[in-house]
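Me: Please take a close look at one part of this structure, the open sheet in chain B, and describe how its strands are arranged.

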Amino acid sequence: MRSISRRDEMSLAEPAALPVATSAAPRLHVLKRFTSSFKASLPAYLLLLPSLVFLALFTYGAMGRVLIDALYQRATPKAPVRFVGLDNISAVLADPAFTGAVVNNLIYAVGTVVPSIALALLFALALSRTHAVNSALRAALFLPVLIPMVAASALFLFIFLPNVGLLDYYIGRLLPVLPNWLGDPDIALYAIMVITVWKNAGYYMLFFLAGLQAVPEDVMEAAHLDGAGPFMRLRYIILPELKPTFLFVTVIAILNAVTQVDHVFVMTQGGPSNSTNLVLFYIYQQAVEHYDVGKASAATLLTLAALMGLTALSFRTMANREGGP
Amino acid sequence: MLLSRRLLLGLAMAGALAVPALAGEGPTEIDLFFPVPVDGKLARDMGTLIKEFNETHPAIKATAVYTGSYDDTLIKTRASIKAGKPPATVIMSANFLLDMQIENELTNLDSLIAADGTTKDQFLGQFFPALQGNAVINRSVYGVPFHNSTPLLYINADKAKEAGLDPNKPPQTWAELTDWAKKLTKREGDKVTQWGIAIPCAYDYCGWMMETLTMSNGGRYYNEEFGGEVYYDTPSMLGALSWWNDLVYKHKVHAPGATPGPAVSTSFISGNAAMMMLSTGSLTYVRDNAKFAYKVAFIPRNVRNAVPIGGASLIMPAGLEADKQKAAWTLIKWMTSPEKSGWWSRATGYFAPNMAAYKTPEMVDFLNKNPDAKTAVEQLDVAKPWFATYKTVPVRKNLEDEVMLVLNGKKQPKEALAAAQKAADETLKPYNAETSLKLP
């Protein structure tokens, strides 16, 4: 069963090829077999060609360029670039700003992924039944997703304004000393995390809502008849059924934690004192402020490797479980 | 249906390709990259200015392209140079010129000046002397000052009167300013409801304010003659940072933490801060929005009156075609002429770098109506160049990160400046290796 489903996956792009490939004599010359299968799937490749060209040009081409750039460096400003092998990578790893950014990013990832998924699940459970009130509430919770990150950051810039902002205006009545939300290195990263959670929870809620639809009704009814309370049903039926959704959302959320840094650009520029510097923003700084393409490319490669490893791992886990979202 | 759409697309593409081929006959098309670094409605004013240029110069078609902050403008300019399509001219933060020149990204303007039949001295003579330091590198002209600023002390005159202070006699020294700030701070128990003074500290602004305080404490931020040295770990900067630190933690008249420029101006406008140090570029914004009487004054001194300039120059990226270079030069000269320079100054609050602008009747009239705009110009007598080094931004950030730690109470000024100096020396190392430390 599993192998057939694999085969199905692989042949999605070339349905015409399937019968040819399976009916061909196994002892045929490899090259011949290859050409015949190629001939049969030619229309499919032709249809894919435009996308492949653009993918090659704008994704793999750029990645290749990064790979090359990461191997070159110039010793002094006027010196020509020369091949330095892995020197750039070791320079990045030795840079305290990079390790600082990695640590910040880990805190940021844990501190945004866990609360936003927990909130999303809570919302989804509360709003799983469809009626007018719930639809309105769902729309309200989904609204932050529709606001572009840059616009949301500009909005929060005013909310977080020290002393005169919306937040301080209300909290100011309670606290003796008003926090400088974005200007204090101890608080700034958490202020940024709040925005991310606010922005993403509604989006992840959608996945959980979809996942909840897939929980079999009859099992729930049976459990109900057997006297399982709401908590028991959640613990033993709903959560296990939602496992694939959890996995998928976790991957998406972690990727977001690394790739979404718009609010850092708008609100803090990585400051104060690098306390909100995330990995992607570090790469930007190396490329733009330091004008150091070699180091920026090396940091990009490290990040890409980490992300690809993470994705591969999670997809393997997903494939090992039956199905996915 | 699909085919016809494809056909249409093809035709549209062919048309798009044909247009530039035909354009050879028309006006020379040039791009101007411009940033909007301060509060206000600069983008709209720039549109007005360029529209007027195009109407009076039929042979040239200039397009103004908004490119974000000063830092963003540098990025976008560098990206277009790398892509082989540099803009014809850019309004570039005046302290990026040196770094760009080191990277061979600027057109030397000497030959264009000579082609006009003027000498370099005559050409530069139009502008305030304080601005020349950031426009001339190795005795060659690389930039033409377009809009410039100095930091100013803004005072809420109503609050000053309320506290028994005379806003017509603004504080002249750090001692007087400290005293004013103390009197202007209002507390309810431990809670501060009104701060005496606000000084911005976010990346970019923070370095400029440190240069301001260091200069008025007798010091220098960097070596004006050579891009490989900064003077962070010095008594004059230590005094400057210690005073700022004292305002926050000893006198408690300045809010703790790092506060960006827009937050400072909002705080001043809303009455939450009674005084602030901010660029003259924000003057029009304050004039339009303050619902109270305000005063502007020189930055007070501890040792001497001195401030850095800020603002931007018009530059030409390297690698331009001759006709674009010529068109851009026409645009640059037009934009920095006394009339346009004065108009831009009145619209934005920056001062006009061209001295003759202040002789035009419109400007005389304007200054009579808005005497506060005069202060920035008068302060120019004591102004000096803006710090510019090899890799200006990272070198500046080496200091700013440490200053932010001090303002947040996480480090003492002395150790912070030692750390900043060490980091900056490291950043400057490659440049020194090929200049000052490259020995025969």
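Reply: Two strands count as paired if DSSP finds at least two bridges between them. The model is a predicted one, and the description below applies to it.

In chain B, five strands make up an open sheet with mixed pairing, and their order is β2-β1-β3-β13-β6. The edges are formed by β2 (60–66) and β6 (144–149) of chain B, each of which pairs on one side only. From one strand to the next, the twist averages 20 degrees.

Take the β2 edge to begin with. Here β2(B) pairs with strand β1 (residues 28–34) of chain B in the parallel sense, and seven bridges join the two. Within this pair, B:Phe34 is placed opposite B:Tyr66 of β2(B). Across β1 and β2 of chain B lies helix α2 (residues 42–56) of chain B, which runs at about 170 degrees to β2(B).

At the other edge, β6(B) pairs with strand β13 (residues 310–315) of chain B. The sense is antiparallel, over five bridges. B:Pro145 stands opposite B:Ser313, a residue of β13(B). Although β6(B) is an edge strand, β6(B) is mostly covered, with six of its six residues buried.

Chain B also touches chain A. The contact involves 30 residues of chain B and 21 residues of chain A. On the chain A side, nine of the residues are nonpolar, nine are polar and three are charged.

Conventions: Residues numbered from 1 in each chain as written. Chains lettered and ligands numbered in written order. Predicted model: local features only at pLDDT ≥ 70, side-chain atom pairs only at ≥ 80, totals over all residues. Helix = DSSP H or I, 4+ residues; strand = E, 2+ residues; numbered from the N terminus. Axes fitted to C-alpha atoms, helices over the stretch in contact; angles between N-to-C directions. Contact = placed C-beta atoms within 7 Å. Buried ≥ 20, exposed ≤ 12 C-beta atoms within 10 Å, placed from the backbone. Nonpolar A, V, L, I, M, F, W, Y, C, P; charged D, E, K, R; others polar.
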